[in-house]
Amino acid sequence: MKTYHQFSEDIEQRRIELQQRSRDQMQRFKEKSRASVDALKQKRSDADNRTRLKDEIKRELRDDR
């Protein structure tokens with residue numbers, strides 16, 4: 001049978017594990033959020049580049065006439 005001291009150690013160990021798990025979850029969340037923001041920035045940048053290219057092509061076509 002476990003003693004009070006052993007129960008106390010078990011509880012403390014569980015508390016430490018939960019804190020570590022919580023930190024790990026927060027880190028994964030931050031990384032995922034950062035990746036989402038980076039993907040959105042890249043998508044916007046690509047859309048801006050496409051728009052600029054389209055405008056440039058339209059200008060060149062108008063100038064050729």
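Which residues gather in a patch of positive charge on the surface? In this predicted model, the patch of positive charge is formed by Lys43, Arg50, Lys54, Lys58, Arg59 and Arg62, while a patch of negative charge on the surface brings together Glu56, Glu60, Asp63 and Asp64.

The setting of these patches is a protein with 1 helix and 0 strands. Its radius of gyration is 28 Å, well over the 11 Å that the globule rule gives for 65 residues, so the protein is more spread out than a compact globule. Taken along the principal axes, the box filled by the C-alpha atoms is roughly 95 × 10 × 5 Å. Between Lys43 and Arg21, which are 22 residues apart in sequence, the C-alpha to C-alpha separation is 33 Å.

Helix α1 spans residues 4–64 and includes Asp63; Arg50 and Lys43 are also found in helix α1. The relative accessibility of these three patch members is set out below.

| Residue | Relative accessibility | Class |
|---|---|---|
| Lys43 | 60% | exposed |
| Arg50 | 49% | partly exposed |
| Asp63 | 63% | exposed |

Arg50 counts as partly exposed because its 49% relative accessibility lies between the limits of 20% and 50% that bound this class.

Over the whole protein, buried residues make up 0% of the 65 residues, and the exposed area comes to about 6700 Å², of which carbon and sulfur atoms supply 52%. As for charge, the protein carries 19 positive and 14 negative charges, and the mean positions of the two sets are 5 Å apart.

Notes
Residues numbered from 1 in each chain as written. Predicted model: local features only at pLDDT ≥ 70, side-chain atom pairs only at ≥ 80, totals over all residues. Heavy atoms only, no water. Patch = residues over 30% accessible without salt bridge, like charges linked within 9 Å, V, L, I, M, F, W, Y side chains within 5 Å. Areas by Shrake-Rupley, 256 points an atom, 1.4 Å probe, with all protein chains shown as cover. Salt bridge = Lys/Arg side-chain N within 4 Å of Asp/Glu carboxyl O. Lys, Arg positive; Asp, Glu negative; His and termini not counted. Charge placed at Lys NZ, Arg CZ, Asp CG, Glu CD. Helix = DSSP H or I, 4+ residues; strand = E, 2+ residues; numbered from the N terminus. Buried < 20%, exposed > 50% of the residue type's maximum accessible area, 1.4 Å probe, protein only. Rg over C-alpha atoms; globule rule 2.2 N^0.38 Å.
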